[in-house]
Amino acid sequence: MQIKCDGIYDLNLFNTNIMHEKVSLYLDTNIWYWLTYEGANIESQKPKYAEFINKIYNHKNFELLYSHLSYGELAHIIEIDKYKKYKETHSNCHKVKEFRKVSGEREDVSNSVRASIVFMDKISASDEKFVEVLNYISGEEFVNTLKNTTLDGTDVLMANFISQNGIKNIVTDDGDFLSIEGINVFTYNERSIEEAKKQDKLLSIK
C-alpha cells in the first residue's frame, strides 16, 4: 500500500515533553469508541490510546479537536460489536437488520450508544481543551475522496471534514487514513508503523 499522508508518528516513541509549539490533534471515532464504550475489547489498543490522551490532555501545547460527525460511526461500531456477541449464542441471526428487530437487543444497543455519546459530550463540552469543529461537505468532494482513497463512506465524510477545516493531525488506529494526502497520522497501529518505516514516512519530533 502506498502511503499518501505526509507522515506517521509512532505513539510508542512520541515524547510530549519536547513539544514547544501548539499542536491540534483531531480524535478519530475509534478513539472515542475506546474511551467511552465499556464493551470495547480491553486487549486491543484501548489502554494505550487512553493513556496517550490523558498525557496530552495535561500538556499545555496540545489542543484536542472533535466533531459530532463521529456520532454515526460510533453508533455503527457499537452495534456491530453487540451483533457479533449476540451471534455467538444466536447463530440463526444472519443479518444486522434482523438483529435490529430484536427489541431487547435494540434497546441495549441504544443505551450503550447513548452512554458513549453522553460521556463524549460531557468530556468535550466541559473543558476548553476540547474544540468542536464543523463544516459543510459537498457531494462532489465526497465522490472524489471516495475514488482517490481506500476509505469507506463514513471515513470519506470524515476525510472531507478534516480537509475543509484545515486539520493537519489525526489520532487514529485506522490504517486507511494513510491514504489521505496532507495529514499526519498519530497511531499505535503496528502495521501502519511498519509500512511507514519501509516508505520512509515515519516522523519524529524535532
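The following questions and answers walk through a predicted model, from its sheet and cores to its helices and salt bridges.

Visitor: In what order do the seven strands of the open sheet stand?

Guide: The strands of this open sheet pair in the parallel sense. At its edges stand β4 (130-132) and β7 (202-203), each with a single partner strand, so one side of each has no neighbour in the sheet. Read from one edge to the other, the order is β4-β3-β2-β5-β6-β1-β7.

Visitor: Which residue of β5 stands opposite Leu-27?

Guide: β2 and β5 run parallel and are joined by two bridges, while on β2 four of the five residues are buried, which leaves this strand mostly covered. Within the pairing of β2 with β5, the residue that faces Leu-27 is Val-171.

Visitor: Which residue of β3 is the bridge partner of Ser-24?

Guide: β2 also pairs with β3, again in the parallel sense, and here the pairing extends over four bridges. In β3, the partner of Ser-24 is Glu-63.

Visitor: Which residues touch the most other members of the largest nonpolar core?

Guide: This core holds 34 residues, and the elements that give two or more residues to it are β2 (23-27), α1 (29-36), α2 (46-57), β3 (62-66), α3 (70-87) and α5 (103-125). Apart from it lies another core, of 20 residues, among them Ile-8, Leu-151, Met-158 and Ile-162. In the largest core, the members with the most contacts to other members are Leu-11, Phe-14, Leu-25, Phe-52 and Val-171.

Visitor: Which residues does Val-171 touch, leaving aside those up to four places away in sequence?

Guide: Val-171 is one of the residues that touch the most other members of the largest core, and in the sheet Val-171 in β5 stands opposite Leu-27. With residues up to four places away in sequence left out, its contacts are Leu-11, Leu-25, Tyr-26, Leu-27, Asp-28, Ile-31, Tyr-49, Phe-52 and Phe-186.

Visitor: What covers the buried residues of α2?

Guide: α2 has 12 residues and reaches 16 Å from its first C-alpha to its last, which is close to the 16 Å expected at 1.5 Å a residue. Its buried residues are Lys-46, Tyr-49, Phe-52, Ile-53 and Ile-56, and because they cover an arc of only 135° around the axis, they lie on the same side of α2. The elements that cover them include β2, α1, β3, β5 (169-171) and β6 (184-187).

Visitor: Against which strands do the buried residues of α8 pack?

Guide: In α8, which spans residues 190-198, the buried residues are Ser-192, Ile-193 and Ala-196. Since their arc around the axis is only 100°, they are placed on the same side of α8, whereas Glu-190, Arg-191 and Lys-198 are exposed on the other side. The strands against which the buried residues pack are β1, β6 and β7.

Visitor: How many residues apart in the chain are Asp-6 and Lys-168?

Guide: Asp-6 and Lys-168 form a salt bridge, with their closest N and O atoms 2.4 Å apart. Asp-6 counts as partly exposed at 35% relative accessibility, and Lys-168 is likewise partly exposed, at 36%. Asp-6 belongs to the segment before β1 (7-10) and Lys-168 to the loop between α7 (153-164) and β5, so that the pair links distant parts of the chain, their separation being 162 residues.

Visitor: Is Glu-63 buried or exposed?

Guide: Glu-63 meets Lys-22 in a salt bridge with an N to O distance of 3.7 Å; Glu-63 lies in strand β3, and Lys-22 in the loop between β1 and β2, 41 residues apart. Lys-22 is exposed, with a relative accessible area of 60%. For Glu-63 the relative accessibility is 18%, and because the limit for this class is under 20%, Glu-63 counts as buried.

Visitor: Which residues are linked with Glu-79 in a network of salt bridges?

Guide: Glu-79 and Arg-106 meet in a salt bridge of 3.0 Å, N to O, and because Glu-79 lies in helix α3 and Arg-106 in helix α5, this pair ties together parts that are 27 residues apart in sequence. Glu-79 counts as buried at 5% relative accessibility, whereas Arg-106 is partly exposed at 37%. The residues that share the network with Glu-79 are Arg-100 and Arg-106.

Definitions and conventions: Residues numbered from 1 in each chain as written. Predicted model: local features only at pLDDT ≥ 70, side-chain atom pairs only at ≥ 80, totals over all residues. Heavy atoms only, no water. Core = buried A, V, L, I, M, F, W, Y, C linked by side-chain atoms within 4.5 Å. Buried < 20%, exposed > 50% of the residue type's maximum accessible area, 1.4 Å probe, protein only. Contact = heavy atoms within 4.5 Å. Expected span 1.5 Å × (residues − 1). Arc of directions from axis to C-beta. Pairing = 2+ DSSP bridges. Salt bridge = Lys/Arg side-chain N within 4 Å of Asp/Glu carboxyl O.
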